[in-house]
Amino acid sequence: MLADEVIYLRRLEATDLDRTWEWIHTPEIALAIGVNIPVSRTAQLRWFERLDQATDKIVFAVCFRDNNEHIGNVSLDSIDYRHRNARFSIFLTDPTIRRQGIGTRAMRLLIQYAFEFLNLNRLYCKTTSDNHAIIAFYRNLGFCIEGRLREHEYIQGHYVDKIILGLILHDWACEDNSV
Ligand SMILES: CC(C)(COP(=O)(O)OP(=O)(O)OC[C@H]1O[C@@H](n2cnc3c(N)ncnc32)[C@H](O)[C@@H]1OP(=O)(O)O)[C@@H](O)C(=O)NCCC(=O)NCCS
C-alpha cells in the first residue's frame, strides 16, 4: 500500500468523479493543472473509462489515513516504459490544509511508486516561471530546474514562460528517501 503515517494513495474510483469535477473547475486548480475549457460530465466519464484501462497514466486519490477523506489527486501520465520517464501532477483542494507537509508526503509516495515500483528513471512537470511557491515546493523535493520554455502559454492576457522541473532516480537515490 502506498501510505505513510498521515496519508495514503489509492486508485481514483468512479465514485470520486463528482468531487474531482468540482475541484478541477476551481480557478486555482484549473490554472495549475491546465484546464482551459470546462469539462463536461460526459467527457469526464469518457476520460475516466480510458484512464481505467490505460497503462501510460494513473491517477491516485490522496486520502487522510485517520478518516479516509479524499483531499486531492496526484498523477503520472505520458508514462514511457522504454525511456523510463513520466510527467506528473499534484493538487490538494483545501487551502487550509496547505503548508503542513501533506503535498510533500503525497509527492514522496508518488515518486517512490514511480521509481521503485514502475522502475522509472525520470519525472518531470512544467510550471509558470513566476510561481515561486510551486518551484520552491519541487526544489524541496530534490527537483532541478531543467529549462525554460519562453512565452510558452497565454494565460490571463499575457504570454508566460514555463519552467521544466525534473527529478532523476540517481539524485533521489543519493538522498535518504526512505518513506
Ligand atoms: C503544490 C501543493 C500540492 C503543495 O502542497 P502543500 O501541502 O501545501 O506543500 P508542503 O506543506 O508539503 O510544502 C513543502 C514546502 O514547499 C514550499 N511551499 C509550498 N507551498 C508554498 C507556498 N504557498 N509559498 C511558499 N512556499 C511554499 C515551502 O518551502 C514548503 O516548506 P515549508 O512550509 O517548511 O516552508 C499545493 O499548494 C497545491 O495543491 N496547490 C494548488 C495546485 C498546484 O499548484 N499544483 C502544482 C501544479 S505544477
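Here is a friendly chat about a predicted model and the words used to describe it.

Me: Why is N73 called buried?
Reply: Buried means a relative accessible area under 20%. N73 has 6%, so N73 counts as buried. You can find N73 in strand 4.

Me: What makes the link between N73 and H70 a polar contact?
Reply: The cut-off for a pair of N or O atoms is 3.5 Å. The side chains of N73 and H70 are joined at 2.8 Å, so the pair falls within that limit.

Me: Which residues is N73 in contact with, leaving aside its neighbours within four places in sequence?
Reply: Among them are L12, T20, W23, V59, S89, I90 and F91.

Me: F91 is on that list. Why is F91 called buried?
Reply: Its relative accessible area is 9%. The limit is under 20%, therefore F91 is buried. F91 sits in strand 5. Leaving aside neighbours within four places in sequence, its contacts include W23, I24, I29, I33 and N73.

Me: How far apart are F91 and E175, in sequence and in space?
Reply: They are 84 residues apart in sequence, and their C-alpha atoms are 25 Å apart in space.

Me: Why is R99 called exposed?
Reply: Exposed means over 50% relative accessible area. R99 has 85%, so R99 is exposed. Look for R99 in the loop between strand 5 and helix 4.

Me: And why is N119 called partly exposed?
Reply: Partly exposed covers the range between 20% and 50%. N119 has 45%, so N119 belongs in that range. N119 is in the loop between helix 4 and strand 6.

Me: What is worth noticing about phi in R99 and N119?
Reply: Most residues other than glycine have a negative phi. R99 is not a glycine, yet its phi is positive, near 60°. N119 is not a glycine either, and its phi is positive at about 65°.

Me: What makes a group of residues a nonpolar core?
Reply: Its members are buried nonpolar residues of listed kinds, such as Leu, Phe and Tyr, joined through side-chain atoms within 4.5 Å. In this model the largest such core has 38 residues, and L76, F88, M107, L123, Y138 and F143 touch the most other members. Among the elements that each supply at least two residues are strand 4, strand 5, helix 4 and helix 5. The largest share, nine residues, comes from helix 4.

Me: Which residues does Y138 touch, not counting those up to four places away in sequence?
Reply: Y138 touches F88, I90, M107, C125, F143 and L165. Another core, of eight residues, lies apart from the largest one, and L17, V59, A61 and C63 are among its members.

Me: How do you know that the ligand has polar partners in the protein?
Reply: Compare each distance with the 3.5 Å cut-off. A backbone N or O atom of L92 lies 2.7 Å from a ligand oxygen, so this pair is within the limit. For a backbone N or O atom of Q100 the distance to a ligand oxygen is 3.2 Å, and for a side-chain N or O atom of N140 it is 2.9 Å. The protein covers 76% of the 920 Å² of accessible area that the ligand has on its own.

Me: What kinds of residues make up the shell around the ligand?
Reply: Nine are nonpolar, five polar and four charged. Helix 5 gives the most, with five residues.

Note on methods:
Residues are numbered from 1 along each chain as its sequence is written. This is a predicted model: local features need pLDDT of at least 70, side-chain atom pairs count only at pLDDT 80 or more; totals for chains, interfaces and linings use all residues. Side-chain values use heavy atoms; hydrogens and water are left out. Buried means under 20% relative accessible area, exposed over 50%, partly exposed in between (1.4 Å probe, protein chains only). Helices (H or I, at least four residues) and strands (E, at least two) are DSSP runs, numbered from the N terminus. Contact means heavy atoms within 4.5 Å. A polar contact is a pair of N or O atoms within 3.5 Å; within protein, one must be able to donate a hydrogen and the other to accept it, and residues adjacent in sequence count only if both atoms are side-chain atoms. Accessible areas come from the Shrake-Rupley method with a 1.4 Å probe; for residues, only the protein chains shown count as cover. Ala, Val, Leu, Ile, Met, Phe, Trp, Tyr, Cys and Pro count as nonpolar, Asp, Glu, Lys and Arg as charged, and the others, Gly among them, as polar.
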